[in-house]
Amino acid sequence: MNKEIYLIRGNNQETYVQFKNRIVELVSRLNKEYNPDAIKFTITEKAPPGLSIIPFSKKKVSVISIYKSNADKMDFIQKVDGFCGGYRVTEALPVAYIKNWSDGEPTPGACLLTLFSQKKSIDYQTFLNRWHNGHTPLSLRIHPLWNYVRNVVNEKLYANSEWFDGIVEEQVREESNLLNPFKFFGNPLIIIPRMITVYFDTKSFIDYDSMETYLASEYLIKTQ
């Protein structure tokens with residue numbers, strides 16, 4: 001089964017509510033016209049905290065994930081306001097929640113959405129190895145994650161797409177588990193060493209200056 005991701009950015013003139021409304025309309029259209037096997041979206045619903053140890057972007061963005069049995073393109077999406085990328089990806093779920101809520105309802109908790117590219121000074125295989133075999137188990141060991149969606153970007157679906165090598169959604173059961181540093185990294189005795197470890201591990205394989213991180217919410221619209 002193919003998994004595709006479409007990246008839509010909000011603009012400064014629209015509110016978070018307006019941005020969400022048009023993403024909901026877009027996802028509804030995609031679901032109705034193309035009838036994929038599954039479809040969901042992750043979106044910035046509100047401004048991140050003004051003070052945070054995580055460098056949240058204050059911009060609006062949505063990642064639409066589509067699972068389908070064919071590779072047919074949905075060309076109209078290029079004309080959507082804020083479109084900046086369509087990608088074919090390989091998904092992995094190192095840890096996965098058990099869904100017990102209805103389609104269309106927000107996934108409980110909060111999501112740390114990260115868009116990134118590989119560090120320029122390393123080769124691609126080193127990038128993948130450090131990401132998959134080093135950083136992923138480190139994140140699962142340190143952070144209270146109950147769902148981890150790791151997307152390796154394989155190709156652009158459209159030539160005008162921005163490029164990212166990875167798109168990751170890390171989810172926690174409660175928003176405070178992400179925003180409270182002592183819940184996200186650990187108690188006062190271990191928080192500083194853990195923060196330093198995560199920082200340097202991230203910089204070992206990611207082009208850190210171009211990395212984008214967002215406080216987001218997930219909506220599963222149609223599940224398999």
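Two strands count as paired here if DSSP finds at least two bridges between them. With that in hand, take a look at this predicted model, where Arg150 stands opposite Val168 in β7. Below are some notes on the strands, the aromatic rings, one arginine in helix α1 and the cysteines.

**Strand β6 and its partners**

- Strand β6 covers residues 147-156 and is mostly covered, with seven of its 10 residues buried.
- On one side of the pairing story, β4 and β6 run antiparallel and are joined by seven bridges.
- Within that topic, Val89 is the residue to look up, as Val153 in β6 stands opposite Val89.
- Strand β7 (residues 166-172) also pairs with β6, in the antiparallel sense and over six bridges.
- For a spot to click on there, try Arg150, which has Val168 of β7 opposite.

**Aromatic pairs**

- There are 15 aromatic pairs in the count.
- Take Tyr34 and Phe76: their ring centres are 6.2 Å apart and their planes sit at 5°, and since planes under 30 degrees apart count as stacked, this pair is stacked.
- Tyr34 belongs to helix α1 (residues 16-34), while Phe76 is in the loop between β3 (61-68) and β4 (83-95), so the pair ties together parts that are 42 residues apart in sequence.
- The two partners differ in cover: Tyr34 is partly exposed at a relative accessible area of 33%, whereas Phe76 is buried at 16%.
- Now for Phe116 and Phe127: the centres are 6.3 Å apart and the planes are at 65°, so this pair is edge-to-face, the cut-off being over 60 degrees.
- Phe116 comes from strand β5 (residues 110-116) and Phe127 from helix α2 (residues 124-142), so to speak two distant parts of the chain, 11 residues apart, that the pair links.
- Both rings are under cover: Phe116 is buried with a relative accessible area of 3%, and Phe127 is buried with 0%.
- Phe116 and Phe127 also belong to a cluster linked by ring pairs, together with Tyr124, Trp131 and Phe205.

**Charges over rings**

- Phe76 turns up again here, with Arg29 lying over the face of its ring, 3.7 Å from the ring centre.
- Lys60 does likewise with Tyr16, lying over the ring face at 5.1 Å from the centre.

**Arg22 in helix α1**

- Helix α1 is home to Arg22.
- A polar atom of the Arg22 side chain lies 3.3 Å from the backbone oxygen of Arg9.
- Setting aside neighbours within four places in sequence, Arg22 is in contact with Ile8, Arg9, Gly10, Asn11, Glu14, Val80 and Asp81.

**Cysteines**

- Searching the whole structure turns up zero disulfides.
- Cys84 is in no disulfide, and its nearest cysteine sulfur, on Cys111, is 16 Å away; a disulfide would need the sulfur atoms within 2.5 Å.
- Cys84 is also buried, with a relative accessible area of 6%.
- Cys111 is in no disulfide either, with the sulfur of Cys84 as the nearest one at 16 Å.
- Cys111 is buried too, at a relative accessible area of 1%.

Technical notes: Residues are numbered from 1 along each chain as its sequence is written. This is a predicted model: local features need pLDDT of at least 70, side-chain atom pairs count only at pLDDT 80 or more; totals for chains, interfaces and linings use all residues. Side-chain values use heavy atoms; hydrogens and water are left out. Rings of Phe, Tyr and Trp (its six-membered ring) pair if their centres lie within 6.5 Å; planes under 30 degrees apart count as stacked, over 60 as edge-to-face and the rest as tilted. Helices (H or I, at least four residues) and strands (E, at least two) are DSSP runs, numbered from the N terminus. Buried means under 20% relative accessible area, exposed over 50%, partly exposed in between (1.4 Å probe, protein chains only). A charge sits over a ring if NZ of Lys or CZ of Arg is within 6 Å of the ring centre and within 35 degrees of the ring normal. A polar contact is a pair of N or O atoms within 3.5 Å; within protein, one must be able to donate a hydrogen and the other to accept it, and residues adjacent in sequence count only if both atoms are side-chain atoms. Contact means heavy atoms within 4.5 Å.
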